[in-house]
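Reader: Please set out the two chains of the following model in a series of questions and answers.

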Amino acid sequence: MIEALRSLFLASTWRMAWRNVGRNPRRTGIIGSAISIGVGATIFAMAINFGMIFGMVRAAIDTELGHVQVHGIGFEKKPGLEISLDPSRIEEARIEELPGLTGWARRVRHEGLVSSPRAAVGVRVVGVEPGREASVTQIATSIVEGSFLGSERRRVVMGARLARRLKVKPGDKVVVSAQDLAGDLTGEAFRVAGLFETSSRELDESAVYLALDEAQEMLGLGEAISELVLRTTEGADPEALALQLSERLGDGAEVRTWEEMRPTLVAMVAMFDQIGWVLYAAVFVAMAFGIANVLMMSLYERIREVGIMMAIGMRPGRMVAAMLAESILLTTVGVGLGLLIGLGGAELLSEGIDFSRWSDGLTGYGIPTKIIPSVRTGDLRDPVVIAVITAILASLWPALRAARIQPADAIRHV
Amino acid sequence: MLEARAVTKIYETRGVETVALRDVTLTIEAGEFTALAGPSGSGKTTLLNLYGALDVPTRGEILLEGEALHGLSPSELAQRRLQKLGFIFQAYNLIPVLSARENVEFVMELQGVRPAERKERAMGVLGEVGLGDLADKRPLEMSGGQQQRVAVARAIVSEPRVVLADEPTANLDSRTAEGLLDLMHEMNRRHGVTFLFSTHDPMVIEKSQRRVRLRDGQIVADESLAA
């Protein structure tokens with residue numbers, strides 16, 4: 001074993017292995033192609049899968065969640081106006097000074113009813129600061145008709161789907177009604193400023209946005225707010241931001257990352273990771289048999305040569321290393337080409353794959369209609385590491401067979 | 001140098017036993033140029049393989065420079081072959097993916113000789129066998145005679161005590177075979193390398209100083225010529 005490991009560090013072991021791999025180009029080509037297509041297809045399929053799941057995560061963060069949210073204790077379990085955040089504590093927390101923050105905004109969130117002359121629909125009433133909201137979500141940039149909330153008073157924006165149900169358009173009047181903090185039914189008339197379309201059908205069908213101060217006034221909240229939404233810079237750790245925020249806000253506030261708010265998304269990422277492993281397992285088990293077969297065929301073709309090498313003094317350990325090196329080279333070439341295929345495919349479709357034909361179904365699950373293939377570092381590292389391990393395991397059988405060959409028997413073969 | 005003591009070798013194929021050597025005792029002294037002669041199936045290659053630690057006797061023992069080979073592990077046997085023996089086989093002797101020089105260097109590489117020294121010695125020996133200008137050719141680009149010369153160069157480059165040659169001229173025309181034999185004779189004379197052949201080539205037998213004849217696995221004659 002030590003001899004085999006030591007021999008793997010000799011340039012001559014690899015030089016000879018490389019030449020042996022190139023000795024039968026057709027056979028090397030077939031097994032190399034099988035490995036590269038298998039690895040390439042797996043990486044590409046995973047890139048699309050993760051493109052979809054990360055698209056869902058991005059959409060959830062961009063349209064609604066932000067990276068971190070703060071609520072009063074118990075709000076998430078039982079949302080209600082009575083559970084609010086104290087504005088003075090938020091002021092004291094000096095949120096704008098937190099590192100890695102790109103934006104933050106206050107919101108009021110409550111259940112209500114929106115009515116038009118034609119229909120009435122139960123909705124989520126969200127009071128936002130128009131300027132700040134644009135720094136944490138993309139509702140403002142998702143307007144497809146009309147405009148987002150601005151300086152004009154008594155305006156609302158809603159999803160285009162909701163507008164269709166209410167049979168309203170920008171400029172029309174609607175009435176938003178809800179139960180205020182005192183428990184009384186309250187309502188105000190608003191004019192529709194704009195309609196938005198996001199990748200979340202649920203949001204498009206059931207959310208109405210209005211100015212924060214108007215929501216606070218209508219619901220009798222005074223200066224109180226329901227939630228605080230924060231967004232971090234790209235690549236920053238929301239967990240770290242949440243921790244710092246918790247320290248600054250102390251008791252009386254629940255700080256949660258998007259992962260804690262949407263555990264289903266986290267579970268889906270984990271599930272797709274598992275699917276990736278299943279795909280890799282299928283590819284690599286097939287690859288292992290292919291490599292073992294190629295090496296065994298190669299060994300029997302070269303058995304006399306193996307006998308001669310052992311006769312002139314090659315030790316069994318070195319023979320094991322020679323077979324391992326051939327297997328690793330074969331796999332490396334195959335996996336290298338596979339990475340190119342997978343990455344090339346992902347790069348070719350980097351502008352995104354348009355699934356808008358199925359938008360009705362996709363947005364129902366919060367899946368964006370344009371999926372951009374996503375390849376993470378681990379998606380490239382894992383197949384390479386597993387491939388090398390597979391190559392080593394697959395070559396062990398032929399390698400040990402080669403090492404046990406009796407030189408005298410092998411030399412008799414012609 | 002090389003001793004076979006009451007050696008018997010029996011091969012078993014599908015339950016059928018074939019006696020290749022029967023109770024053979026033979027000592028090869030240092031510096032000898034010896035031919036093991038005999039018809040096919042007489043046991044000469046078997047005896048050569050046993051001397052070369054390529055096979056193990058069913059009974060009896062083989063000693064290389066006084067050391068019994070019996071009981072040594074495959075790795076230890078490989079080490080003895082590497083350090084003390086050189087081999088020339090009938091054909092397809094060389095590693096096809098290596099050039100002539102790399103084939104010669106291969107033994108030294110297994111011995112752990114440094115690259116610069118390996119190259120220098122390999123080129124020196126290839127020059128001695130008249131193949132200095134073919135050093136970078138691969139076996140398939142050379143004639144049978146040239147390949148055998150490379151095999152001789154590989155066998156002697158590590159300065160072994162003994163070179164064991166199994167039918168080295170079998171696939172060569174008589175002129176090439178004579179040239180090869182002269183070359184080995186020269187190595188024996190100049191460097192004192194012990195040569196032991198298994199052969200049924202009359203020319204090899206004629207040029208050998210000692211001729212051991214085998215038949216049906218037994219020595220039937222052992223004659224030495226005066227130097």
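Reader: What pLDDT does chain A average, and which of its elements has the highest mean pLDDT?
Author: This is a predicted model, in which local features need pLDDT of at least 70, side-chain atom pairs count only at pLDDT 80 or more, and totals for chains, interfaces and linings use all residues. Residues are numbered from 1 along each chain as its sequence is written, while chains are lettered from A and ligands numbered from 1 in the order in which they are written. Chain A averages a pLDDT (the predictor's confidence in each residue, from 0 to 100) of 89, and 100% of the residues score at least 70. Among the elements of chain A (helices being DSSP runs of H or I of at least four residues and strands runs of E of at least two, numbered from the N terminus), the lowest mean, 75, belongs to helix α14 (residues 359-364), and the highest, 97, to strand β5 (residues 155-159) of chain A.

Reader: In chain B, where is confidence lowest?
Author: Chain B averages a pLDDT of 90, with 99% of the residues at 70 or above. Confidence is highest in strand β9 (residues 210-215) of chain B, at 95. It is lowest, at a mean of 85, in helix α6 (residues 174-191) of chain B.

Reader: How far apart do the C-alpha centres of the two domains of chain A lie?
Author: The assignment, which is automatic or from a database, gives domain 1 (2-61 + 265-412) and domain 2 (73-252) of chain A. Seven residues of domain 1 are in contact (C-beta atoms, placed from the backbone, within 7 Å) with four residues of domain 2. The C-alpha centres of these domains of chain A are separated by 50 Å.

Reader: Why are α3(A) and α11(A) described as roughly parallel or roughly antiparallel?
Author: Helix α3 (residues 25-65) and helix α11 (residues 263-301) of chain A have axes 10 Å apart and pack at an angle of about 180°. Axes are lines fitted to C-alpha atoms, for helices over the stretch in contact, and angles run from 0 to 180 degrees between N-to-C directions. Angles under 35 degrees count as roughly parallel, over 145 as roughly antiparallel, 65 to 115 as roughly perpendicular and the rest as oblique. The angle therefore makes α3(A), relative to α11(A), roughly antiparallel.

Reader: Which element supplies the largest share of the side of chain A that touches chain B?
Author: The contact takes 21 residues from chain A and 20 residues from chain B. On the chain A side, α2 (11-21), α12 (303-311), α13 (316-348) and α16 (407-412) each supply at least two residues. The largest share, six residues, comes from α12(A).

Reader: Which are the edge strands of the open sheet in the order β2-β1-β4-β5 (chain B)?
Author: Four strands form this sheet of chain B with antiparallel pairing, where two strands pair if DSSP finds at least two bridges between them. Strand β1 (residues 2-13) of chain B is joined to β2(B) by nine bridges, and Y11(B) stands opposite T18(B) in β2(B). The strands that pair on one side only are β2 (16-28) and β5 (67-68) of chain B.

Reader: Which residue takes a positive phi in the hairpin of β9(B) and β10(B)?
Author: β9(B) runs parallel to strand β3 (residues 33-37) of chain B, with four bridges, and antiparallel to strand β10 (residues 218-224) of chain B, with six bridges. V212(B) stands opposite D222(B) in β10(B). The hairpin of β9(B) and β10(B) has two residues between the strands, and the residue with a positive phi, near 50°, is D216(B).

Definitions and conventions:
Contact = placed C-beta atoms within 7 Å.
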